[in-house]
Amino acid sequence: MTTTVPAQLNQKPMFRRSCLLLLMFFCGSSVYSGEVVRLWPDKPPGYQTPPGMEGDKSKPNDRGVEGKAVVRIGNVSQPAV
């Protein structure tokens, strides 16, 4: 026995997905301006020159989160968002 789904019910999820994608596109594109915001204008409080260069400080043996790799950035001298 086969059942058929009326076309009206079949189109609603597609319409909702399309509206959601358009909303995400327009909201996301208007928020990002490409501007870099520094967290401190000069030096952070208690700043000491970090030893070595800024970079990934994670080790191959480090555990990830939920099976995914974690990147740990260290020796950051100019933190920005």
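**Fold, confidence and surface of the predicted chain**

The chain has one helix and two strands. The model is predicted. From the N terminus on, the order of elements is α-β-β. Helix 1 spans residues 7–31. Strand 1 covers 55–56, and strand 2 covers 73–74.

Confidence was examined next. The mean pLDDT of the chain is 75. A value of 70 or more is reached by 77% of the residues. Among the elements, strand 1 has the highest mean pLDDT, at 86. Helix 1 has the lowest, at 70. Where pLDDT is low, predicted coordinates should not be read in detail.

Burial and exposure were computed for the whole chain. Of the 81 residues, 5% are buried. The exposed area amounts to about 8000 Å². Carbon and sulfur atoms supply 60% of that area. Contacts were also sorted by distance along the sequence. Among contacts with a separation of 6 or more, 40% join residues 24 or more positions apart.

Helix 1 includes Leu-23. This leucine counts as exposed because its relative accessibility is 51%, and the cut-off for exposed is over 50%. Leu-23 also belongs to a nonpolar surface patch. The other members of the patch are Leu-20, Leu-21 and Met-24. Together the four residues make a patch of about 430 Å².

The loop between helix 1 and strand 1 contains Val-36. Val-36 has a relative accessibility of 59%, and therefore counts as exposed. Its contacts reach far along the sequence. Leaving aside residues up to four places away in sequence, Val-36 touches Ala-80 and Val-81. Val-36 and Ala-80 are separated by 44 residues in sequence. Their C-alpha atoms are 6.6 Å apart in space.

A further pairing involves Gln-78, in the segment after strand 2. The relative accessible area of Gln-78 is 53%, so this residue is exposed. Gln-78 and Lys-43 lie 35 residues apart in sequence. From C-alpha to C-alpha, the distance between Gln-78 and Lys-43 is 7.8 Å.

Val-70 occupies the loop between strand 1 and strand 2. With 27% relative accessibility, Val-70 counts as partly exposed. The class follows because 27% falls between the limits of 20% for buried and 50% for exposed. Not counting residues up to four places away in sequence, Val-70 touches Ser-58, Arg-63, Gly-64 and Val-65. Lys-59 is eleven residues from Val-70 in sequence. The C-alpha atoms of Val-70 and Lys-59 are 9.5 Å apart.

In summary, the chain runs α-β-β, with 5% of its residues buried. Leu-23 in helix 1 contributes to the nonpolar patch. Val-36, in the loop between helix 1 and strand 1, touches Ala-80 and Val-81. Val-70, in the loop between the strands, touches residues that include Ser-58 and Arg-63.

Conventions
Residues are numbered from 1 along each chain as its sequence is written. This is a predicted model: local features need pLDDT of at least 70, side-chain atom pairs count only at pLDDT 80 or more; totals for chains, interfaces and linings use all residues. Side-chain values use heavy atoms; hydrogens and water are left out. Patches are made of residues with over 30% relative accessible area and no salt bridge: like charges are joined within 9 Å, nonpolar side chains (Val, Leu, Ile, Met, Phe, Trp, Tyr) within 5 Å. Accessible areas come from the Shrake-Rupley method with a 1.4 Å probe; for residues, only the protein chains shown count as cover. A salt bridge is a side-chain nitrogen of Lys or Arg within 4 Å of a carboxyl oxygen of Asp or Glu. Helices (H or I, at least four residues) and strands (E, at least two) are DSSP runs, numbered from the N terminus. Buried means under 20% relative accessible area, exposed over 50%, partly exposed in between (1.4 Å probe, protein chains only). Contact means heavy atoms within 4.5 Å. pLDDT is the predictor's confidence in each residue, from 0 to 100.
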